[in-house]
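Colleague: Could you take me through the metal site of this model in detail, and then show me how its surroundings connect to the rest of the fold?

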Amino acid sequence: MRILVTNDDGIDSPGLRALVRDLTVRGHDVAVVAPNGQQSAISRALTMNRILRSYPAELAGFSGTCQRVEGTPVDCVKLGVLELLTERPDLVVSGVNIGTNLGGDVLYSGTVAAAMEAAYLGLPAVAYSTSSVRGGFPDFGMLDDVLEWSFTLIEEHPLPRGTILNVNFPQRDVKGFRTAPLGSMNYDEHYVRRVDPRGGAYYWLDGGSLGEKEDARTDVYWFDNGYCTATPLKLDITDHEFLHDIID
Ligand code: MN
């Protein structure tokens, strides 16, 4: 398959390199169009009011098309598909994000947004994320098994137009693979207030996951119990149930 790879952690992320390496080893024709720097939690932001530059880039051991874009993950997918690539990809793959994208995280995530942009352009897409590791980089030894499982899944059940697959895998002791709905990722979030040398206040957002409150079998639940999870997500986020109630 012709696969476009992007991410939101930037083209130099080891998560993207692991993905490119594994996909190439699996025999895919890979092209990379990825942000120049960190774009996490940028969601589906699109560059509109400033110029968008893209430069040829190099990844060690990779000889395919490779571009770094001074823009967002969505810019990368749109520019890649509409302009930079000579052929339309068969699949767009985003990640591997360093940090999970579970439950409500998906609406902040640039990783997931890149996949959503591909869906908007009529292409199937998968987003991959794994746990971050404090003070180091995650291990991507598990990635090949995750690719095998998720690629088989979308081969046996082709993604409907406008739907993507959001995949999260844990760092160790993987118990198995589960498809699940989004959970309600809850954080005990708070801002840490600090003061700069000139006396001005600045803030860091901090807080850990509180996990799934109930035993609902969601992505958060399965992931917390050691499983790799996959959740199909749709571009259309209309609440059809409630719409039915307020129909005029
Ligand atoms: Mn990220």
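Modeller: Along the sequence, the residues that donate to the manganese ion follow the spacing D-D-x30-S-x56-N. In this model, which is a predicted one, the donors are D8 and D9 through OD atoms, S40 through OG and N97 through OD1, at 2.1 to 2.2 Å from the metal.

Both aspartates, D8 and D9, are buried. D8 belongs to the loop between β1 and α1, and D8 counts as buried because its relative accessibility is 2%, where the cut-off is under 20%. Setting aside neighbours within four places in sequence, D8 is in contact with P35, G37, Q38, Q39, S40 and A41, and also with P73, N97, S109, G110 and T111. Two of these partners, S40 and N97, are themselves donors to the manganese ion. With G110 there is also a polar approach, since a polar atom of the D8 side chain lies 3.1 Å from the backbone nitrogen of G110. D8 and A34, although 26 residues apart in sequence, have C-alpha atoms 7.5 Å apart in space.

From the loop that holds D8 one can step back to β1 (2-6), which is among the elements giving two or more residues to the largest nonpolar core. That core has 35 residues, of which V5, L19, L23, V32 and Y128 touch the most other members. The other elements that contribute two or more residues are α1 (14-25), β2 (29-35), β5 (91-98), β6 (125-130), α4 (143-156), β7 (163-169) and β11 (227-234), and α4 gives the most, with seven residues. Apart from this core lies another, of 23 residues, which includes V33, L85, V112 and A127.

For V5, the contacts beyond four places in sequence are L16, L19, V20 and L23, then V30, A31, V32 and V33, and finally V93.

L165, in strand β7, offers a second view of the interior, and it counts as buried because its relative accessible area of 4% falls under 20%. Not counting residues up to four places away, L165 touches A125, V126 and A127, S150, L153 and I154, L159, and A230, T231 and P232. Of these, T231 is 66 residues from L165 in sequence, yet the two C-alpha atoms are 5.6 Å apart in space.

Definitions and conventions: Residues numbered from 1 in each chain as written. Predicted model: local features only at pLDDT ≥ 70, side-chain atom pairs only at ≥ 80, totals over all residues. Heavy atoms only, no water. Core = buried A, V, L, I, M, F, W, Y, C linked by side-chain atoms within 4.5 Å. Buried < 20%, exposed > 50% of the residue type's maximum accessible area, 1.4 Å probe, protein only. Helix = DSSP H or I, 4+ residues; strand = E, 2+ residues; numbered from the N terminus. Contact = heavy atoms within 4.5 Å. Donors = N, O, S within 2.8 Å, 3.2 Å for Na, K, Ca; no water. Polar contact = N/O pair within 3.5 Å; in protein donor to acceptor, adjacent residues only side chain to side chain.
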